[in-house]
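Here's a quick briefing to keep beside you while you turn the model around on screen. Have a look at the sequence and the fold, then read on.

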Amino acid sequence: MLSIRKRGKFWHVRGTVGVGQKTLKIEEHSTGLTDRASAESYRVGLQKKKQQELFHGAPSISRQIAFDDAALAYLEPDHHLSDILRVRQLQQAFKGKMLAEIDVAAFAKFTRDFLPGRSPNTRERIRVVLAGIFKAAGVKFPEIPSYAEDIERIRWLPLAKCKRPLRWYNPHVQPIALVARDCDLRASENVLAKVGQCDPTWGAHGAFHIPNPKNGRDRVVPWTADVRVAVMARFYGRRDAEQLWTGARGPYSDTRRIGGNPVTKAHRTACINAGIEDFTWHDWRHHWATWALQPAERG
C-alpha cells in the first residue's frame with residue numbers, strides 16, 4: 001500500500017504494491033506537489049498504474065495471479081450482491097487456483113459439478129462474471145463459449161388471460177401489477193414510483209415522469225384509463241414526494257443492491273392461483289411490448 005507524507009513543502013510517496021505473489025517496492029520520491037488532495041490523487045494513480053504493470057507484466061507474472069486475488073480486484077469497485085454470490089459459486093471450484101489453470105475444460109467441469117440442470121441464463125451470467133475477473137487481472141479470458149444463443153425466452157399472455165392474475169394479487173399489489181401490465185416500467189421504477197412523478201394532466205389519461213433510467217435519458221410513460229383510476233386513488237390529495245405505493249409493512253425499499261424484487265412472492269402466488277405457469281414479473285414488460293404493437297386490441 002502506498003502512502004504519502006510531507007517533507008518540506010512537497011508531498012512524498014512511498015510503499016509497496018502487491019498483486020498475487022508479486023510485490024513491488026516504490027522508493028520514496030517527491031510528487032512535486034504542495035497540495036495534499038493533488039498528492040493523494042497522484043498516489044492513487046501511481047498505485048493503479050503499478051498494479052496494472054504487474055497484472056499486464058510478463059506471462060510468467062500473469063501465470064502467478066491467483067483466482068482469489070483477481071476476484072477481490074473485480075469486487076473492489078462496489079459490485080451488486082448477485083455478483084458477490086456468483087463469485088462465491090466460482091470459488092467452489094477455483095479457490096486456490098491460478099488463472100492459468102482456468103480454461104474451457106475447467107469451466108465445463110464447473111458447470112457439470114456445481115450447476116447441474118441450471119438454465120443457460122444462469123450459466124451465462126456466471127461466465128460473464130468470470131470474464132470480469134480475468135479482465136480485472138488484465139489476463140486474457142479463455143475462449144469459453146457464450147450461452148447467450150441458448151437464451152430465447154419471451155413470454156406474454158393472451159388477452160383472455162392477461163386480466164386473470166390481477167384478481168389474485170394482494171390488494172396493495174394489485175395496482176402495481178396493473179401498472180406493470182399496462183405501462184413500460186422497470187420493476188424498480190414501478191415499485192419505487194414517487195407521487196411527484198405522477199402527472200394526471202399529461203395526454204389523455206396522465207403519465208409517469210421517469211428520471212434517470214438505464215439509458216440516462218428521462219422519459220414519459222403514458223397511463224391507460226385503468227392505470228389512471230388506480231394511480232389517482234393513491235395520488236388524490238398528495239402532492240409531496242412520498243412513494244406512490246406502500247406494502248403491508250409500509251413503503252417499499254430499494255432492493256436492487258441486494259437483489260430481488262419485493263413483490264416477487266406476491267406475483268408468484270397470484271400466478272399459481274390463476275393457473276398461469278412460467279410467467280415472471282419481468283414478463284409483464286414482454287407482455288406490454290407485445291400488445292403495444294396492436295394498440296387497438298389491447299385491453
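Which residue in E5 is the bridge partner of aspartate 199? Alanine 207 is the one to click on. Keep in mind that this is a predicted model. Overall, the protein comes with 12 helices and eight strands, and the points below walk through two of its sheets plus a helix.

**The whole protein**
- The protein has 299 residues, and 39% of them count as buried.
- About 17,200 Å² of the protein is exposed, with carbon and sulfur atoms supplying 53% of that area.
- Take the contacts between residues at least 6 apart in sequence: 58% of them join residues at least 24 apart.

**The E1-E2-E3 sheet**
- E1, E2 and E3 make up an open sheet of three strands, in that order, with antiparallel pairing.
- Strand E1 (2–7) and E3 sit at the edges with a single partner strand each, so each has one side left without a neighbour in the sheet.
- From one strand to the next, the twist in this sheet averages 10°.
- Strand E2 (residues 10–19) and strand E3 (residues 22–30) run antiparallel and are joined by seven bridges.
- To find your place in that pairing, look for histidine 12, which stands opposite serine 30 in E3.
- The hairpin of E2 and E3 has two residues between the strands, and in it glycine 20 takes a positive phi near 60°.
- As background, strands of a sheet pair through backbone hydrogen bonds, and the pairing can be parallel or antiparallel.

**The helix across that sheet**
- Helix H1 (residues 36–55) lies across E1, E2 and E3.
- Relative to E2, helix H1 runs at about 25°.

**The E4-E5-E6 sheet**
- Another open sheet has three strands in the order E4-E5-E6, and here too the pairing is antiparallel.
- Strand E4 (198–199) and strand E6 (219–222) are at the edges; each has a single partner strand, so one side of each goes without a neighbour in the sheet.
- E4 and strand E5 (residues 207–210) run antiparallel, with two bridges joining them.
- The pair from the opening question, aspartate 199 and alanine 207 in E5, are bridge partners.

Definitions and conventions:
Residues are numbered from 1 along each chain as its sequence is written. This is a predicted model: local features need pLDDT of at least 70, side-chain atom pairs count only at pLDDT 80 or more; totals for chains, interfaces and linings use all residues. Side-chain values use heavy atoms; hydrogens and water are left out. Two strands pair if DSSP finds at least two bridges between them. Helices (H or I, at least four residues) and strands (E, at least two) are DSSP runs, numbered from the N terminus. Buried means under 20% relative accessible area, exposed over 50%, partly exposed in between (1.4 Å probe, protein chains only). Contact means heavy atoms within 4.5 Å. Accessible areas come from the Shrake-Rupley method with a 1.4 Å probe; for residues, only the protein chains shown count as cover. Axes are lines fitted to C-alpha atoms, for helices over the stretch in contact, and angles run from 0 to 180 degrees between N-to-C directions.
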